[in-house]
Amino acid sequence: MLRALGIFQRATADQLWRMLRPTDRHDRITRDTLNALKDSSLVRVETRLESGHQLWVLTEKGHKEAKLLLPKNLRISALRKLEYDDEGRPVEADGYDEHAAAVTSTAAVLTGAGFGTPLSWQTEIGHTSSPTATPSTPT
């Protein structure tokens, strides 16, 4: 779970179930595991989606742990820091867009069907910077 959240940054229990435990009849074990990880302060619920699903993210502690579990050549997703309002209450995030949901759902369906593993995916791709082209000047 930690590795998958390290790669995909945010996921629902349904997506993680389809990705990691596709032979299970339902997502009960996945939800129980997420709640155990939450009790250990490794994951937290970022928000509840319109569908009613909870959206899970790594905590700072979980992010450090996931980084240790992932191959060194795999870029881990950025930490989703918890934000607070002026009263010190956690603010629900609203940054989970349709594209991110589609990427995670696609990965869940494909890996659940036996096409690769969560480690087959990379959502954080490093880009090399190309040298700036200098215009040629006529001589």
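**A hairpin, a covered helix and a cavity**

In this predicted model, R48 lies opposite Q54 of strand β3. The two strands concerned are β2, residues 43–48, and β3, residues 54–58. They pair in the antiparallel sense. Five bridges join them. Together, β2 and β3 make a hairpin. Five residues separate the two strands. The turn includes G52, whose phi is positive, at about 95°.

Strand β3 also takes part in a second feature, the lining of the largest cavity. The structure contains one cavity of 30 Å³ or more. The volume of the largest cavity is about 50 Å³. Eleven residues line this space. Closest to its centre are L5, Q9, L58, H63 and A78. Helix α1, residues 2–8, supplies at least two residues of the lining, and β3 likewise supplies at least two. The lining is mixed in class: six residues are nonpolar, four are polar and one is charged. The general idea behind such a search is simple. Rolling a probe the size of a water molecule over the atoms reveals where empty space remains.

Helix α2 was examined for burial. This helix spans residues 13–20 and is mostly covered. Of its eight residues, six are buried, that is, under 20% relative accessible area. The buried residues begin with A13, D14 and Q15 in sequence order. L16, W17 and M19 complete the buried set.

Notes
Residues are numbered from 1 along each chain as its sequence is written. This is a predicted model: local features need pLDDT of at least 70, side-chain atom pairs count only at pLDDT 80 or more; totals for chains, interfaces and linings use all residues. Side-chain values use heavy atoms; hydrogens and water are left out. Buried means under 20% relative accessible area, exposed over 50%, partly exposed in between (1.4 Å probe, protein chains only). Helices (H or I, at least four residues) and strands (E, at least two) are DSSP runs, numbered from the N terminus. Two strands pair if DSSP finds at least two bridges between them. On a 1 Å grid over the protein atoms alone, a cavity is a set of points where a 1.4 Å probe fits but cannot get out, and a pocket is an open set with protein on both sides within 12 Å along at least five of seven lines; lining residues have an atom within 4 Å of a point. Grid points are joined across faces, edges and corners, and a volume is the space filled by probe spheres set on the points. Ala, Val, Leu, Ile, Met, Phe, Trp, Tyr, Cys and Pro count as nonpolar, Asp, Glu, Lys and Arg as charged, and the others, Gly among them, as polar.
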